[in-house]
Amino acid sequence: MSSAPADAAVYRGGDPIAEVVRSGFTESFHRGSVAVTDSAGTLIARVGDAVSPVFPRSAIKPVLAVAMLRAGWKPAGDAELAVAAASHRGEPAHVERVERILADAGLDGDALRCPPDFPMDPAAARAIVAAGGEARRVYMTCSGKHAAMLATCVANGWDTATYMEPGHPLQKLATSVIEELTGETVAATGVDGCGVPVLAVGLTGLALAMSRLVEASEGTEERAVADAMRAHPHLVEGTDQTDARAMRAVPGLLVKFGAEGLHLLAAPGAGAVAVKVDDGASRASMPVALDAFITRGHLTVPESAKEAVEKLIRPEIRGGGRQVGHLRTLL
């Protein structure tokens, strides 16, 4: 099911933002759009279409976690809150936290409505296959969000069987909080990969929402989500994935990727950046987002983190088992 108002703006696509150079030859390039805001949420730099609505996919999960806290969900700790905002890879630590959220709500994995899957982490998937295991909903990358949604329903006495339906009280609340924190009206509603509604808003609004999380005062739901993610970066995606590496490298940095080339970054006092890669390629989104945040925005990278950040901005292109090129941003 999907919907869009007849007069909804249409994302027009962006400009060249990155290219892949192999052996000195430009092999491929990516187009996309970028919005950079300051700490007050004012747009200070843009590339391409920074205002028309896009589906943020999993990049919106931190905002959804805020909505669940506001509805009265009380996670056992920061680790469970981080997994609720995660696109995890099914490592044992991820699965353990998801199962903890469900158990605390008096539920088990059968209550989840996300599709059954194997872990995205190759080692975790191999271990399950070797043990004769099967695909399970709890392994699916969005199971943390789904578990927290179910726990929120239990806390409020809402129906747990229909929590993914757009008319469910949980999804209505999610829409309200997304519109509040982005400062925009949802332009279209679709079905995300995990089955929940996905709501279209612009990159500038998404950057504003992320900035509001990191700038929020202690004791607020927004700050709680930001702090939990930054305290447990390995739970937000995976142990050695780009989001975790970036958050470990730069103190205070909050990062969340989404499918189809979305990336959101924010840091206190520095503002935020939102990126959409038009062809959906995830390999370009982090390099462009970090580069834009540093060169077009106000992110300052400490000397101790510069080597790690440079590797994220210029990832290697390999051939024959060795580096033969790199991805280069075009900002």
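These are my notebook entries on a leucine, a nonpolar core and the cavities of this structure.

**Entry 1: the model**
I am working from a predicted model.

**Entry 2: L299**
I began with L299. I found L299 in the loop between α11 (282-295) and α12 (306-313). Is L299 buried or exposed? Its relative accessibility is 7%, so L299 counts as buried, since buried means under 20%.

Next I looked up its contacts, leaving aside neighbours within four places in sequence. L299 is in contact with V250, L253, A267 and A270. L290, F293 and I294 are also in contact with L299.

I then checked L299 against D117. In sequence, L299 and D117 are 182 residues apart. In space, I read 37 Å from C-alpha to C-alpha.

**Entry 3: the core**
How many residues does the largest nonpolar core have? I noted 106. The residues with the most contacts inside this core are W73, L206, L253, L265 and V273. One of these, L253, is on my contact list for L299.

In soluble globular proteins, nonpolar side chains tend to be buried together.

I followed V273 further, again leaving aside neighbours within four places in sequence. V273 is in contact with V34, A35 and V36. Its contacts also include A207, H263, L264 and L265. A289, A292 and F293 are in contact with V273 as well. I had already written down F293 as a contact of L299.

**Entry 4: the largest cavity**
I turned to empty space inside the model. There are two cavities of 30 Å³ or more. The largest cavity holds about 80 Å³ of space.

Which residues line the largest cavity? I listed R57, I60, L64, K145, Q171, A174, I178, D192, V196, P197, V198 and L199. By class, eight of the lining residues are nonpolar, one is polar and three are charged. Both α6 (169-182) and β6 (197-199) supply at least two residues of this lining.

**Entry 5: the second largest cavity**
The second largest cavity has a volume of about 30 Å³. I found L64, A67, M68, M149, L170 and A174 lining the second largest cavity. L64 and A174 were on my list for the largest cavity too.

Which helix gives the most to the lining of the second largest cavity? That is α1, with three residues. α1 spans 61-70, and α1 and α6 each supply at least two residues of the lining.

I closed with the classes for the second largest cavity. Its lining has six nonpolar residues, no polar residues and no charged residues.

Conventions
Residues numbered from 1 in each chain as written. Predicted model: local features only at pLDDT ≥ 70, side-chain atom pairs only at ≥ 80, totals over all residues. Heavy atoms only, no water. Helix = DSSP H or I, 4+ residues; strand = E, 2+ residues; numbered from the N terminus. Buried < 20%, exposed > 50% of the residue type's maximum accessible area, 1.4 Å probe, protein only. Contact = heavy atoms within 4.5 Å. Core = buried A, V, L, I, M, F, W, Y, C linked by side-chain atoms within 4.5 Å. 1 Å grid on protein atoms, 1.4 Å probe; cavity = no way out; pocket = protein on both sides within 12 Å on 5 of 7 lines; lining within 4 Å. Points joined across faces, edges and corners; volume = space filled by probe spheres on them. Nonpolar A, V, L, I, M, F, W, Y, C, P; charged D, E, K, R; others polar.
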